[in-house]
Structure formats: C-alpha cells, structure tokens
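Biologist: Could you pick one strand in this model and walk me through it slowly? I'd like to know what it pairs with and how it sits in the fold.

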Amino acid sequence: MIIKSADSESGHWYAVDGSPAYRIIGKNGKERNTTVRDARERNLVPSVTTVLGIVAKPGLNTWLQQQVLLAALTLPRIAGETEENWLERVMSDSRSTGREAMDRGTQMHGVLERYYSGERDDYPRYVDQVDAAIQIHFGQDQRWEAERSFAFEGFGGKVDLIAENIVIDFKSKDKLDKVVPYHEQIMQLAAYRVGLGKPTARCANVFFTADGDVKLIEHSEEDLADAWQCFQCLLLFYKIKNNL
C-alpha cells in the first residue's frame, strides 16, 4: 500500500502516473518512508528535489556547522556525562533549529496552497503580498493551480503554483536583503516545466517572509536551458548510482 502524505519535501517518490508515493506500508504492516529499494520494486521515480539533494551546498553546510558550534557553546557538558552522550545532545539541539525552520516553511507553503486552491479564510498578510507581487508581474488574468504533481521520463515532483505557461516555486525566508537564487533552484524550475509538459514556460521563484516582504525573481530562458542540461546530468548520475 502506498501512502500519499509526507513529512518533508525531500526524499519523495512518485508513481509513473504522477501520484505521490512518499510512504508505504511495509511487509510488517507498519507505515514507513519509501526507500530506493521500494522504488526499484514498485517502478517509482525520484522527485526533482531528491535528485538535487546530491548537489553540494557549501552555504547550507556552513550554516549547519555554525548551529553545531552554537549548540556546543550553550550546552555545557554535565558532570559525569560521557562524551558520546554530550555530543549526541549537542547534535540533537543543533538540528532543532533546522527542523523548526523547515516546519515554519511547510506551514507557510500550506497556507499559500489553501489560498490558491480557493479556500476562504482570514489569511496572514504575506498571502496578500505574495499574490499582489505575482499579479503585478504576470498579470491578473491568470488561472492558477496549486500543488500539481507529475511524473515524466524518470523523475517526478509537485509544483507550488502553475498557470497556462508559468511555473512558480515559493521559498520562505527570515529576511530578503541578501536573497539570490541558488543554481539548484533554477534547476528545480527547469525540471518542473519540462516534467509538466510546459518546456517554454516562464519560471520564477517567489521569496517571502512571514512579515509580508516579497521578492519575485523570474529566470531567463538561457539560465533555464543551462539548468535543464545540468539537471539531466544529475538525473542520469542518480539513476545509475542507485540502479534505477
């Protein structure tokens, strides 16, 4: 049995019809995350973000190292505590910051999904600001669809927002003063538009904060074409490495 709910963006798998297959019911009858072995047995394809997970991220790695150092400074070793237990406590604490940020981002994405799915609610300010930025940039006559999933020639994904010839990916941030799209974010959009059957779609990242600051960046056709070539190389490497 395949379970469609998921706890995080990365490590996702999709059936060939585009339906999510993030978790399965194992042979012991218990629900668990889908593995590469499951993917081989069930003919599942990896998500775009799973493939992009093999790309080195120096900025993220530096941030993670800083969280470990900060945790070590604020969590002195307890008398009688073994080094192994102290290190485990420090590592657990350092990961909590990343988990909290991920949970906030997931929640904010969920709010935008509900808004663009037509649900009525008293939405936070950032929703109006995001929508205003999108309308100013792309026009008010677009028909938007949130969270479309797909599978295409060996990879799959779920896209935040699409219109007839537009693909948008949301990125929540604490602040926007130094925001510059990473190359893997352009690869993500380039793969999405091809996978959706929209190879000439305009693609943009919409960065936003909980306070309602928004920065929309549309990527050039040249950058998207280069990014698509890079993604194809990564996909081939991922499939060979994992015997898919």
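Modeller: Sure. One term to start: two strands pair if DSSP finds at least two bridges between them. Keep in mind that this is a predicted model.

Let's take strand β8, residues 166-172. Seven bridges join β8 to strand β9, residues 202-208, and the two run parallel. To find the spot by eye, go to Ile-166, which stands opposite Arg-202 in β9. The chain gets from β8 to β9 by way of helix α6, residues 183-195, and these three elements make a right-handed β-α-β unit.

β8 has another partner, strand β7, residues 155-163. Here the pairing is antiparallel, over three bridges. β7 and β8 form a hairpin, with two residues between them. Ile-166 is a handy landmark here too, since in this pairing it stands opposite Ala-163. So Ile-166 of β8 has Ala-163 across from it in one pairing and Arg-202 of β9 across from it in the other.

How buried is β8? Six of its seven residues are buried, so the strand is largely enclosed by the rest of the structure. "Buried" here means under 20% relative accessible area. When you click along the strand, remember that in a regular strand the side chains alternate between the two faces of the sheet.

Note on methods
Residues are numbered from 1 along each chain as its sequence is written. This is a predicted model: local features need pLDDT of at least 70, side-chain atom pairs count only at pLDDT 80 or more; totals for chains, interfaces and linings use all residues. Side-chain values use heavy atoms; hydrogens and water are left out. Buried means under 20% relative accessible area, exposed over 50%, partly exposed in between (1.4 Å probe, protein chains only). Helices (H or I, at least four residues) and strands (E, at least two) are DSSP runs, numbered from the N terminus. A crossover is right-handed if, with the strands pointing away from the viewer, the path from the first strand over the helix to the second runs clockwise.
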